Amino acid sequence: MRGGAGVIAVAALFTGTASAQHRDGVVQWDIQRRQPPPETYTRLLRKRASTFEETITNEEARGGYFATCRLGTPGQDLTLQLDTGSSDIWVPDSGANVCSKSGTEGCALGTFNPDRSSTFEVVGQGDFDINYVDKTSSKGDYFTDVFQIGGATLQNMTMGLGIETDIAYGLVGVGYALNEAIVGTTQSTSSIYPNLPVNMVNEKLINTVAYSLWLNDLDSSSGNILFGGIDTQKYKGNLTRIDILPTTQGLYTSFAVAMTSLIAVSPSGQDTLTSRSFPMPVVLDSGTTLSYLPTDLALQVWKEVGALYSPEFKFAVLPCDMQNSKGYFSFGFAGPNGPQINVSMGELVLDLTSGQAPVFNTGPYKGMDACEFGIQNSSTAPYLLGDTFLRSAYVVYDLVNNQVGLAETDFNSTESNIVAFPSLSAHIPSATIAPDQSQATIRPSVTTPAYAASAGFTDSAGVNRSENVAAGLPPALGTSQLSVVGLSMIFAMLGSGIFLL
């Protein structure tokens, strides 16, 4: 990586094999991909004069992006999930029941033992309590200790210790401090503490509370987060600033922005999709593996690609061959003149299992491998744009000016040009403001009726899969046609049957 004097770019040591280079004030650690244990699950989370860069590793089977951090004195290494949708760092306690299982079933990514750290100090006994929408949770104490990430060392970082937790790994939350779990526990903003981005500014490691995120493509083993700056070689075209939406009370708690259009594009044409929710707030959340749109909009998306929906397991599936489709979806933000991010089908078709793919047993997809679709439905807000969207976007999060910078990502870029934010109040470097953001309140016009789209994505064989979805609701899988046993997904047959492993 390239950078001027006083700039530090550091990649996480994710595995035991790494190399380090040092030149002109830039430190780069090369990493190798680590194959994740297959048993962990995807969750929805609720979740000076220098920059610091952390390489984050794409663990497809685990569902998210992870980085290795070091805690305590002497240091203990843990691999934690990066999450822009929450605001606390928390780690599993070495004595947690979920970590007592042997082999990969326990806390394979590491635990923290307070008794082994001479600098550990409890600052909020029993105050750490976070719950997620998938009914998992972590509870315990708030503590302070030394925390190291991406070449940066923070001496008194406040973190949560998961003593009672059913989650086998911890997280690095980098959202707004107002979204910290302690605020929900105490129902008071007076309990807010300096979380990771704020504390980096306080300790003069970076100039402002901001960072940029480059996840790279689905097949890449890693991406990076750059604290305090942007990398102009990691995106294409213009970097555009748009406003983050506050709550109805005028507070900033999440990275919600105005999504104002969605267009399906294929070699045969394009369709402007519509929703009664437009313009809709969507949260840019790296802690969510998939993306979740309003049901009326998701149904149109599924029709375009020929996806089928399971009401029991609440996800849409489609033939794996659709990853080779030439079609893509164009997401529009902040009005008609705002940024557009194109997401190809190659980023939206995901393996259902880490082993042999299940196949469709009957119907129009008989004999074809089945995959999960990266855009799912949600009946209520907030709507989420997770990793299936974020991989196609270069995103800069500016928590001081309450803005997000968006551009199309430059997949697999090997070049680097890091530009630091010069000061606390500085705007995103090299970015221009989206004009006429007030137009974000105007619904996009519709070029085709809902569920009567003409673009119709085709697979690698040129087959139009949208023809396999009838008007209205897509054909639903029976409520007992899927079952999950151990690490395998077994598709049972009822009546006509849909899948067979």
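**Notebook: two aspartates and their surroundings**

I began with Asp 285, which I found in the loop that joins strand 17 (280-284) to strand 18 (291-294). A reminder to myself before going on: this is a predicted model.

Is Asp 285 buried or exposed? I looked it up, and its relative accessibility is 1%, so Asp 285 counts as buried. I then checked what its side chain reaches. A polar atom of the Asp 285 side chain lies 3.1 Å from the backbone nitrogen of Gly 85.

That led me to Asp 83, whose side chain reaches the backbone nitrogen of Gly 85 at 2.8 Å. I placed Asp 83 in strand 5, which runs over residues 76-83. Asp 83 has a relative accessible area of 0%, and it is buried because the limit is under 20%.

Next I turned to the record. Which residues does UniProt list for "active site"? The entry, which is unreviewed, lists Asp 83 and Asp 285. They span 203 residues in sequence, yet no two of their C-alpha atoms are more than 6.9 Å apart, so they gather at one spot. I like how this fits with the contacts above: the backbone nitrogen of Gly 85 is reached by the side chain of Asp 83, and a polar atom of the Asp 285 side chain lies 3.1 Å from that nitrogen.

**The whole chain**

I stepped back for an overview. I counted four helices and 34 strands in the protein. The chain has 501 residues, and 56% of them count as buried. Its accessible surface comes to about 19,200 Å², and carbon and sulfur atoms hold 49% of that.

**Thr 388 and helix 4**

I went to helix 4 next, where Thr 388 lies. Thr 388 is buried, and I noted a relative accessible area of 0% for it. What does the side chain of Thr 388 make a polar contact with? I found the side chain of Ser 291, at 2.9 Å. Leaving aside neighbours within four places in sequence, I also listed what Thr 388 is in contact with: Thr 289, Leu 290, Ser 291, Val 343, Glu 347, Leu 348, Leu 350 and Gly 374.

**Gly 110**

I found Gly 110 in the loop between strand 6 (89-92) and strand 7 (121-131). Gly 110 has a relative accessibility of 18%, and it counts as buried because the cut-off is under 20%. How far apart in space are Gly 110 and Thr 79, C-alpha to C-alpha? I read 6.4 Å, for two residues that are 31 apart in sequence. Not counting residues up to four places away in sequence, Gly 110 touches Asp 77, Leu 78 and Pro 92.

**Aromatic rings**

I ran through the rings and got a count of 17 aromatic pairs. One of them joins Tyr 235 and Tyr 394, with 5.3 Å centre to centre and 35° between the planes, which makes the pair tilted. This pair links distant parts of the chain: Tyr 235 is in strand 14 (residues 235-243), Tyr 394 is in strand 28 (residues 393-398), and they are 159 residues apart. I checked burial too: Tyr 235 counts as buried at 11% relative accessibility, and Tyr 394 is buried with a relative accessible area of 2%.

Then I looked at Phe 331 and Phe 389, an edge-to-face pair at 5.2 Å centre to centre and 65° between the planes. Phe 331 lies in strand 21 (residues 328-333) and Phe 389 in helix 4 (residues 387-390), so the pair ties together parts that are 58 residues apart in sequence. Both Phe 331 and Phe 389 are buried. I was pleased to meet helix 4 again here, since Thr 388 lies in helix 4 as well.

Which residues do ring pairs link into a cluster? I wrote down Tyr 176, Tyr 211, Phe 227, Tyr 252, Phe 255 and Tyr 397.

My last stop was a charge over a ring: the charged end of Lys 234 sits over the ring of Trp 214, 5.0 Å from the ring centre.

How values were computed
Residues are numbered from 1 along each chain as its sequence is written. This is a predicted model: local features need pLDDT of at least 70, side-chain atom pairs count only at pLDDT 80 or more; totals for chains, interfaces and linings use all residues. Side-chain values use heavy atoms; hydrogens and water are left out. Helices (H or I, at least four residues) and strands (E, at least two) are DSSP runs, numbered from the N terminus. Buried means under 20% relative accessible area, exposed over 50%, partly exposed in between (1.4 Å probe, protein chains only). Accessible areas come from the Shrake-Rupley method with a 1.4 Å probe; for residues, only the protein chains shown count as cover. A polar contact is a pair of N or O atoms within 3.5 Å; within protein, one must be able to donate a hydrogen and the other to accept it, and residues adjacent in sequence count only if both atoms are side-chain atoms. Rings of Phe, Tyr and Trp (its six-membered ring) pair if their centres lie within 6.5 Å; planes under 30 degrees apart count as stacked, over 60 as edge-to-face and the rest as tilted. A charge sits over a ring if NZ of Lys or CZ of Arg is within 6 Å of the ring centre and within 35 degrees of the ring normal. UniProt positions are given in the numbering used here, feature names are shortened, and annotations may be inferred rather than shown by experiment. Contact means heavy atoms within 4.5 Å.
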